[in-house]
Amino acid sequence: MEIATRKEGGAMVVSVTGRIDAVTAPEFEKGLSALIAGGDMVLLLNLNDLEYISSAGLRSILSTAKQLKANGGKLLFCGLKGPVKDVFKISGFGSIFKIFETEEEALRQG
Amino acid sequence: MKQFPEEIRAPARLDNLYPLLGFVTSCAKRHGAGQERVHEIELVVEELLVNIFNYAYPDSMGNVAIVCRPDDPGRILIEIADDGIPFNILTRDEPDLDSGIEERSVGGLGIFFVRQLVQEIRYRREGGRNILTLTVDLAPQSS
C-alpha cells in the first residue's frame, strides 16, 4: 500500500494505491491520523488505484471519520471501482459517507 | 499435468496472511473463477483467517490449515481448520448496517461479508479442531 498526498484548495487529497487489508490497515490509519494531527480537516480519499479493501480497512476508515467528525472535519471519497466499490456497497459504507465519481466533483461539492 | 498443492499449513500469524491467501486465490483461479470472484473469495478468507489469528490461540502459538478442492461443477470447497480454543464465528451478531458514523461499529462486518459472498458456511468442532467449510460458487455474487 502507498499513500500520496496533495493539497487542493482547502482539502487534502489522499490517493491510496494497492491494498488496505489486515496487514496494511494500521499503516494506512497512522498516515491519516498524522494528517489530522497536522491540522488537515477535510480529507478526500481517492481510491481509484486501490485494488482491494477488507473489513480491517473499513475499520480504519471509520475510526478516521470519527476522529475528523469530533474535530469538525470531514472525510470524502472518490474513484471507487470494482471490488472496493462492492465492499462499500455490501457494508453500507456507501450510504454513510459522501462518495463522488471524480476528484473535481468532490472538491466542488464536498 | 502439473500437480498443485491441495493443502497449506502455516503458523496462525498475520505475517502468513499473504501466502495463505495466495494459496486460496490460485486454487480459485485454477478452477475457473474470474478476477472479480477471486477478490471476493480472497476477502472472505482474509476475514476468517484474521479472526483465527486474533482469537484461536490466546495463550499459545498454533497452526492454521487450508484445503481447497473442486466440488460440484462450478463450485469449490474451502476448508479452514485450527487447533485453537473452540470458537464458532457463525454465532457472532449481525452488524448494524444502518447507523451513522458516530454510532457505527465495524464489529461483525467480516463475518457479514463471508455470509454475503459464499453459498454455504458450516462450522464443526472435531478432534480438538475448529473446522469451517465453505461452499463457494465460482461466479461472482455482487451485482
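At what angle do the axes of helix α1 (residues 25–37) of chain A and α2(A) cross? Let's start there, keeping in mind that this is a predicted model. The two axes come within 9 Å and cross at roughly 15°. Angles under 35 degrees count as roughly parallel, so α1(A) and α2(A) are roughly parallel to each other. Their crossing is right-handed.

Now zoom in on who touches whom. From α1(A), the contact uses A:Ala25, A:Phe28, A:Glu29, A:Leu32, A:Ser33 and A:Ile36. From α2(A), the partners are A:Ala56, A:Gly57, A:Arg59, A:Ser60, A:Ser63, A:Thr64, A:Gln67 and A:Leu68. Sorted by class, the residues of this contact are six nonpolar, six polar and two charged. If you look at how the numbers are spaced, a bit of helix geometry helps: an α-helix has 3.6 residues a turn, so residues three or four places apart point the same way.

Stay with α2(A) for a moment. With 16 residues at 1.5 Å a residue, α2(A) should span 22 Å, and its end C-alpha atoms are indeed 22 Å apart, so the two values agree. Plenty of this helix is tucked away: the buried residues of α2(A) include A:Ser55, A:Leu58, A:Ile61, A:Leu62 and A:Ala65. A:Ala56, A:Gly57, A:Ser60, A:Thr64 and A:Leu68 are buried too, and these also take part in the contact with α1(A). Just past the helix, A:Gly72 takes a positive phi of about 80°.

Next, the place where the chains meet. Chain A and chain B each put 20 residues into their contact. On the chain A side, α2 (55–70) and α3 (82–91) each supply at least two residues. Which helix gives the largest share of that side? It is α2(A), with eight residues. By class, the side of chain A that touches chain B has eleven nonpolar, four polar and five charged residues.

Over in chain B, follow helix α2 (residues 35–55), which packs against helix α3 (residues 109–117) at an angle of about 140°, with the axes 9 Å apart. That angle makes α2(B) oblique to α3(B), and the crossing is left-handed. On α2(B), the contact is made by B:Glu40, B:Leu43, B:Val44, B:Glu47, B:Leu48, B:Val50 and B:Asn51, while α3(B) brings B:Gly110, B:Ile111, B:Phe113, B:Val114 and B:Leu117. Their tally is eight nonpolar, two polar and two charged.

α2(B) also packs with helix α1 (residues 17–30) of chain B, at an angle of about 145° and with the axes 9 Å apart. Here the crossing is right-handed. Among the residues involved are B:Leu17, B:Leu20, B:Leu21 and B:Val24 of α1(B), and B:Val38, B:Ile41, B:Val45 and B:Leu49 of α2(B). Nine residues of this contact are nonpolar, one is polar and four are charged.

Last stop: B:Asp82, in strand β3 (residues 75–82) of chain B. Is B:Asp82 buried or exposed? A residue is buried if 20 or more other C-beta atoms lie within 10 Å of its own; B:Asp82 has 23 such neighbours, so B:Asp82 counts as buried. Leaving out residues up to four places away in sequence, B:Asp82 touches B:Ala12, B:Ile52, B:Ala56, B:Gly62, B:Asn63, B:Val64, B:Arg129 and B:Asn130. B:Leu132 sits 50 residues along the chain from B:Asp82, yet their C-alpha atoms are separated by 9.2 Å.

Key
Residues are numbered from 1 along each chain as its sequence is written. Chains are lettered from A and ligands numbered from 1 in the order in which they are written. This is a predicted model: local features need pLDDT of at least 70, side-chain atom pairs count only at pLDDT 80 or more; totals for chains, interfaces and linings use all residues. Two residues are in contact if their C-beta atoms, placed from the backbone, lie within 7 Å. Helices (H or I, at least four residues) and strands (E, at least two) are DSSP runs, numbered from the N terminus. Ala, Val, Leu, Ile, Met, Phe, Trp, Tyr, Cys and Pro count as nonpolar, Asp, Glu, Lys and Arg as charged, and the others, Gly among them, as polar. Axes are lines fitted to C-alpha atoms, for helices over the stretch in contact, and angles run from 0 to 180 degrees between N-to-C directions. Angles under 35 degrees count as roughly parallel, over 145 as roughly antiparallel, 65 to 115 as roughly perpendicular and the rest as oblique. A crossing is left-handed if the near helix is turned anticlockwise from the far one by less than a right angle, and right-handed if clockwise. The expected span of a helix is 1.5 Å times one less than its number of residues. A residue is buried if 20 or more other C-beta atoms lie within 10 Å of its own, exposed if 12 or fewer, and partly exposed in between; C-beta atoms are placed from the backbone.
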